[in-house]
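Open the model in your viewer and keep the sequence panel beside it. Each stop below says what to select and what is there.

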Amino acid sequence: MTVLITGAGLAGLTLGLSLHQVGVPFRIIEAIAELRPLGFGINLQPAAVRELYDLGLKDKLDTLGVKTGHTSYFNNRGQEVWSEPRGQAAGYDYPQISIHRGALQMALHETLLERCGVKAILAGAKVSEWQESPRGLEAVLTDRQYGFEIDRLRGSVMIASDGARSHTREVLFPDVGLPNWRKSMMWRGVVRAPRFLDGRTMTISGTKGMKFVAYPIGDRGKTQSFVHWIAELPSAPDRDWKNQDWSRRGEIDDVLPSFADWKFDWLDIPALIGGTEAVWEWPMVDRDPLPSWTEGRVALLGDAAHPMYPIGSNGASQGILDARVMARCLRDHGTTTLALQDYDAERREVVNAIILANREQGPDAVLDAVAERAPEGFDNIDEVMPEAERRAFSERYQVATGMSVAEVNAQSSIIGNIQAEPIAGRLGD
Ligand SMILES: Cc1cc2nc3c(=O)[nH]c(=O)nc-3n(C[C@H](O)[C@H](O)[C@H](O)COP(=O)(O)OP(=O)(O)OC[C@H]3O[C@@H](n4cnc5c(N)ncnc54)[C@H](O)[C@@H]3O)c2cc1C
């Protein structure tokens, strides 16, 4: 009755910890031989934080991340268009947390090894194919680099959390074609910099296609923060956008000149970019919503199921919620296809709606609407757009994505914070 999990990213590791919590045997297969703390900043929405706290990770999250106080929107002159409290400051029962993706992945990994032992993860092996039979499934594991067969593992079901470039999704849905590219690229970096605003604010400046996002993901002493930034710029159509590799290095000079004038009184963006040691680039892509996340004994989860534009801070959070719902379904229905179908029914339409809402710019749409009315900036934002109209952009997104304060606070946690029982018998063969 083992559950095979493909990929030890945030979603796969959360699923492993959750299955351990509910007493379902599992084994994670990860293509990379040695996990390292890769990536930059991500945001965890209160609903996802609740689930990670339920897994006993409160101390780690609170230590590693920053509790986001506000999200604030600015035009390309640094004038404030809209600002709203987030997390507990907005009335949620749980905080929103800005955190380094790699640090979170390492915390999940470390916790999994402590609770389940090293055999819980088989690293350095890629799931390249699988065969189903009436009684189960056999996954073929190959070497990531050279492609030779390493092993075969049997399970009842396989949950593919193998990321935005999921091989499993390609096998299940060979006709879905290429990702949708928004004809822009994103450059990302992390830099130690003087604290800005209240040291807890996520900032989004500019308009669609030319945007600068910056927020602290950790404190450095009393006056400095580790700041994660993302710069989005339009790209030439012949740009190599199909190479989606989280480890693809970019050039500071590709991005710095375009933001040379963005010296705001609350943040010096050229200084922030210029002070960054290394930047990475990633194309602005998403995928069309899928008509199903399950096929026989296999289900997609996390980015494998729903790569979305990084707008509205939902990517990682939705993967974590997927994992918790999947674990509850596998507990309730056993490791059966019924469990996978139940998971699909509960999650797919909800998350597909977020993919579509993000295509419409999510809450960031307020920036484009204000820029259209006041392209040269403004003296008084209320004269450009009244407060209620600006507030509506965010409220519409929160309702469309099921993330409003009322809705999230009304939900009970997906599994609860029951303590996992000792490890014996919890791992699959
Ligand atoms: C190296 C890296 C850096 C990232 N950096 C950022 C960032 O800075 N900001 C951001 O917003 N998002 C980032 N992401 C994406 C972010 O982690 C996801 O959007 C989100 O957390 C959902 O996670 P996931 O577990 O579904 O996918 P991922 O976190 O992408 O994890 C997928 C995992 O599956 C493994 N894998 C892939 N194919 C196979 C296979 N065939 N067999 C076995 N294992 C396989 C991968 O090695 C990876 O560990 C990054 C992802 C990666 C892998």
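Two strands pair if DSSP finds at least two bridges between them. Keep that in mind for the sheets on this tour. The model is predicted.

**Stop 1: the whole chain**

Show the C-alpha trace. Along its principal axes it spans about 70 × 45 × 40 Å. The protein has 13 helices and 20 strands. How does the radius of gyration agree with that of a compact globule? With 429 residues, such a globule would have a value near 22 Å, and the protein has 21 Å, which agrees.

Now colour by burial. Of the 429 residues, 48% count as buried. Contacts reach far along the chain: among those with a separation of 6 or more, 74% join residues 24 or more positions apart.

**Stop 2: the six-stranded sheet**

Select E8, E2, E1, E12, E20 and E19. In that order they form an open sheet with mixed pairing. Strand E8 (121–123) and strand E19 (294–295) are the edges, and each pairs on one side only.

Zoom in on E1 (residues 3–6) and E12 (residues 157–160). These two strands run parallel and are joined by four bridges. Pick Val-3: its bridge partner in E12 is Val-157.

**Stop 3: the nonpolar core**

Stay in E12 and select Ile-159. Leaving aside neighbours within four places in sequence, Ile-159 contacts Val-3, Ile-5, Leu-15, Ala-299, Leu-301 and Met-326.

Then show the largest nonpolar core, which has 114 residues. Which of its residues touch the most other members? They are Ile-159, Leu-301 and Met-326. Helix H8 gives the largest share of this core, with nine residues.

**Stop 4: the ligand**

Select the ligand and its surroundings. The shell holds 32 residues, and the closest are Gly-7, Gly-9, Gly-39, Gly-163 and Gly-302. Four elements give two or more residues each: helix H1 (10–22), strand E2 (26–30), strand E9 (126–133) and helix H8 (315–333). Colour the shell by class. There are 15 nonpolar, eleven polar and six charged residues.

Two of these elements appeared earlier. E2 is a strand of the six-stranded sheet, and H8 contributes to the largest core.

**Stop 5: the eight-stranded sheet**

Select E6, E5, E14, E15, E16, E13, E18 and E17. They form an open sheet in that order, again with mixed pairing. The edges are strand E6 (80–85) and strand E17 (249–250), each pairing on one side only.

Pick out E15 (residues 210–220). Is this strand enclosed or open to the outside? Eight of its eleven residues are buried, so E15 is largely enclosed by the rest of the structure.

Look at one side of E15. Strand E14 (residues 201–207) pairs with E15 in the antiparallel sense over five bridges. Ser-205 has Phe-212 as its bridge partner in E15, and Thr-207 has Met-210. Two residues separate the strands of this hairpin, and Gly-209 in the turn has a positive phi of about 90°.

Now turn to E16 (residues 224–234). E15 and E16 are antiparallel too, with nine bridges. Phe-212 appears again here, bridged to Ala-231 in E16. This hairpin has three residues between its strands, and Gly-221 takes a positive phi near 65°.

**Stop 6: Met-186**

Select Met-186, in strand E13 (residues 180–194). Met-186 is buried, because 23 other C-beta atoms lie within 10 Å and 20 or more are needed to count as buried. Not counting residues up to four places away in sequence, Met-186 touches Ile-230, Ala-231, Glu-232, Glu-281, Trp-282 and Met-284. Add a distance label to Pro-234. The two C-alpha atoms are 9.0 Å apart, with their positions 48 residues apart along the chain.

**Stop 7: two positive phi values**

Select Leu-197, in the loop between E13 and E14. Leu-197 is not a glycine, yet its phi is positive, at about 50°. Is Leu-197 buried or partly exposed? With 18 C-beta neighbours inside 10 Å, Leu-197 counts as partly exposed.

Finish at Gln-361. This residue sits in the loop between helix H9 (337–359) and helix H10 (365–373). Gln-361 also has a positive phi without being a glycine, near 85°. Gln-361 is buried, with 20 other C-beta atoms within 10 Å.

Notes. Residues numbered from 1 in each chain as written. Predicted model: local features only at pLDDT ≥ 70, side-chain atom pairs only at ≥ 80, totals over all residues. Near = placed C-beta within 6 Å. Nonpolar A, V, L, I, M, F, W, Y, C, P; charged D, E, K, R; others polar. Rg over C-alpha atoms; globule rule 2.2 N^0.38 Å. Buried ≥ 20, exposed ≤ 12 C-beta atoms within 10 Å, placed from the backbone. Contact = placed C-beta atoms within 7 Å. Core = buried A, V, L, I, M, F, W, Y, C linked by C-beta atoms within 7 Å.
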